[in-house]
Amino acid sequence: MHFGGYDSAIEASFFIEEDALRRLRPGCHDERGFLDVFDCNRDVILCRGR
């Protein structure tokens, strides 16, 4: 999934594999669900990427 967001006035764009999001919430299958998984697990995702 490709996500975009803003940090103040700077636009940030990044990619996270759908399988990674499904590991956090099995059964997730649409864009809205993936966005919710990301939002609910943002701290975990950001820490694992470092």
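How many of the 6 residues of strand 2 are buried? The number is 0, so strand 2 lies largely in the open. Keep that in mind. This is a predicted model, and I will start with its strands.

Strand 1 covers residues 2-7, and strand 2 covers residues 10-15. The two run antiparallel, joined by 6 bridges. Together they make a hairpin, with 2 residues between the strands. Look at the turn. S8 sits there with a positive phi of about 60 degrees. Beside the turn, D7 has I10 of strand 2 as its bridge partner.

Now the rings. The count comes to 3 aromatic pairs. I will take two of them. The first is F3 with F14. Their ring centres are 5.7 Å apart and their planes are at 25 degrees. Stacked pairs have planes under 30 degrees apart, so this one is stacked. F3 comes from strand 1 and F14 from strand 2, 11 residues apart. How does burial look for the two? F3 has 9% relative accessibility, so F3 counts as buried. F14 has 34%, so F14 counts as partly exposed. That fits strand 2, where the number of buried residues is 0.

F14 has another partner, F38. Here the centres are 5.5 Å apart, with 40 degrees between the planes. This pair is tilted. F38 lies in helix 2, residues 31-40, so the pair ties strand 2 to a part of the chain 24 residues away in sequence. F38 has 8% relative accessibility and therefore counts as buried. Put the pieces together: ring pairs link F3, F14 and F38 into a cluster.

On to helix 2 itself. Which of its residues are buried? They are G33, F34, V37 and F38. These cover an arc of only 140 degrees around the axis, so they are on the same side of helix 2. What does the face turned away from that buried side carry? There we find the exposed residues E31, R32 and C40.

V37 brings us to helix 1. L21 has its place in that helix, residues 18-24. Its relative accessibility is 0%, so L21 counts as buried. L21 and V37 are 16 residues apart in sequence. In space, their C-alpha atoms are 6.5 Å apart. V37 is also one of the buried residues of helix 2.

Last stop, the largest pocket. Its volume is about 280 Å³. Which residues line it? F3, G4, G5, Y6, D7, A12, F14, L35, F38, D39, R42 and L46 do. F3, F14 and F38, linked by ring pairs into a cluster, are among the lining residues. So is D7, the bridge partner of I10.

Which elements give two or more residues to this lining? Strand 1, strand 2, helix 2 and helix 3, residues 42-48. Strand 1 gives the most, with 5 residues. And the chemistry? The lining divides into 7 nonpolar, 2 polar and 3 charged residues.

To recap. The hairpin strands are joined by 6 bridges. The F3, F14 and F38 rings form a cluster. Helix 2 has its buried residues on the same side. Strand 1, strand 2, helix 2 and helix 3 each give two or more residues to the lining of the largest pocket.

Key. Residues are numbered from 1 along each chain as its sequence is written. This is a predicted model: local features need pLDDT of at least 70, side-chain atom pairs count only at pLDDT 80 or more; totals for chains, interfaces and linings use all residues. Side-chain values use heavy atoms; hydrogens and water are left out. Rings of Phe, Tyr and Trp (its six-membered ring) pair if their centres lie within 6.5 Å; planes under 30 degrees apart count as stacked, over 60 as edge-to-face and the rest as tilted. Helices (H or I, at least four residues) and strands (E, at least two) are DSSP runs, numbered from the N terminus. Buried means under 20% relative accessible area, exposed over 50%, partly exposed in between (1.4 Å probe, protein chains only). The arc is that of the directions from the helix axis to the C-beta atoms. Two strands pair if DSSP finds at least two bridges between them. On a 1 Å grid over the protein atoms alone, a cavity is a set of points where a 1.4 Å probe fits but cannot get out, and a pocket is an open set with protein on both sides within 12 Å along at least five of seven lines; lining residues have an atom within 4 Å of a point. Grid points are joined across faces, edges and corners, and a volume is the space filled by probe spheres set on the points. Ala, Val, Leu, Ile, Met, Phe, Trp, Tyr, Cys and Pro count as nonpolar, Asp, Glu, Lys and Arg as charged, and the others, Gly among them, as polar.
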